[in-house]
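Colleague: I am new to this protein and would like to understand its cysteines and the strands around them. Could you take me through the structure?

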Amino acid sequence: MADTCHLCLLGLIFLSSLLTGSSGVDDAHVFISSGQNVHLSCNNALPDCTSTTWNYNRFNQSETVELIGLGITKTDTEKHERLSLGSDCSLNIKNVTKEDYGLYTCRQYVNDKQLGTDARVYLHVFHVSSSSSSSQTEISAGRSVTLSCQLYSFADVSCDDLINSEGIQLFWVNQAGDNLINSDSRYQILFSSDHCISTLNTTLLNEDHNRECRCNVTHRDQVKASVTYTVKSSVIVIIVEFAVFAAPTVILLQIICARRTGEFFSLTQSATIFKIAQT
């Protein structure tokens, strides 16, 4: 029995030395659009997850919130119903909202003592909105619209710092991937570094039907999240346009038919008169 305990203690000391002897787990950055589900990996987890604790902090909150304690989801948090622990001790969040952004920390406890270093995950939430439609995918042609995409990140870091230190950027492109600022003068784009928000203003024409514009968020030149809007003309507009173009053709056909009908009646009348004269 003593030998068994001794071997267990040696194994624990060895594992602890591996975790604390390293320079620490690299911080992870995860980007997700609001409304989607996200998976946050715990890179320092022990096998059965009963030692795993997930903490959350948005930096503008005075204290850290414990979401998962020793493998068990806490029920006293607002979003506990959207949380679950994966088999690999990852933290799963369903239907992400823009309020979920911030720092998530995965920590291991053994015998009430922290083991090793924290695994930190920064969650960036990408949120878009439209002034002309509640749809997240379509915008109507024939009107002026304002489209906004905003990146919610940890509160103690400015957007300028994110751009300079992490290479995070927001920009609008067309369906070919070209920057809208350079491709069409009808598009006006404003960027606020205070709130990390990019706003697109334009007047859409009916000729823009089925065209796309996309807001991308990139991290070190790699697209991490994207939302695409497609311009759609309304059914009424399409019918009116069809009627406008079809009307002259219809009128012309009516005139031709009327003339031919008149000629037919004239010929019929002439033949009838001729027969009467013969009799």
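Modeller: Let us begin with one pair of cysteines: Cys 149 and Cys 215 are both buried, where buried means under 20% relative accessible area, exposed over 50% and partly exposed in between, with a 1.4 Å probe and protein chains only. This is a predicted model, in which local features need pLDDT of at least 70, side-chain atom pairs count only at pLDDT 80 or more, and totals for chains, interfaces and linings use all residues. Residues are numbered from 1 along each chain as its sequence is written, and side-chain values use heavy atoms, with hydrogens and water left out.

Colleague: How far apart are the sulfur atoms of Cys 149 and Cys 215?

Modeller: They are 2.0 Å apart, and the two residues form a disulfide, which is defined as a pair of cysteine sulfur atoms within 2.5 Å. The torsion about the S-S bond of Cys 149 and Cys 215 is about 50 degrees, so this disulfide is right-handed. The pair links distant parts of the chain, with Cys 149 in strand β11 (residues 144-152) and Cys 215 in strand β15 (residues 212-219), 66 residues apart. Strands (E, at least two residues) and helices (H or I, at least four) are DSSP runs, numbered from the N terminus.

Colleague: How many disulfides are there by this rule?

Modeller: The count is four. With bonded cysteines counted along the chain, their pattern is 1-4, 2-3, 5-8, 6-7.

Colleague: Why is Cys 213 too far for a bond?

Modeller: The closest cysteine sulfur, in Cys 215, is 9.0 Å from the sulfur of Cys 213, and therefore too far for a bond. Cys 213 is buried at 4% relative accessibility.

Colleague: What about Cys 42 and Cys 106, and which hand does their link have?

Modeller: Their sulfur atoms are 1.9 Å apart in a disulfide, and the link is left-handed, with -80 degrees about the S-S bond. Cys 42 is in the loop between β2 (38-40) and β3 (52-57), whereas Cys 106 is in strand β8 (residues 102-110), so the bond ties together parts that are 64 residues apart in sequence. Cys 42 is buried with a relative accessible area of 9%, and Cys 106 is buried with 0%.

Colleague: Which cysteine is joined to Cys 49?

Modeller: Cys 49 is joined to Cys 89 by a disulfide, with an S to S distance of 1.9 Å. This link is left-handed as well, with -100 degrees about the S-S bond.

Colleague: Changing topic, is β3 mostly covered or not?

Modeller: β3 is mostly covered, as six of its six residues are buried. On one side are Thr 52, Trp 54 and Tyr 56, and on the other Thr 53, Asn 55 and Asn 57. In a regular strand the side chains alternate between the two faces of the sheet.

Colleague: Which strands pair with β3?

Modeller: β3 runs antiparallel to β8, joined by six bridges, and pairs in the antiparallel sense with strand β4 (residues 65-69) over three bridges. Two strands pair if DSSP finds at least two bridges between them. Trp 54 stands opposite Cys 106 in β8, and its bridge partner in β4 is Ile 68.

Colleague: And back in β11, what does Gln 150 touch?

Modeller: Not counting residues up to four places away in sequence, Gln 150 touches several residues, including Phe 126, Leu 170 and Cys 196, where contact means heavy atoms within 4.5 Å. Gln 150 lies in strand β11 and is buried at 15% relative accessibility.
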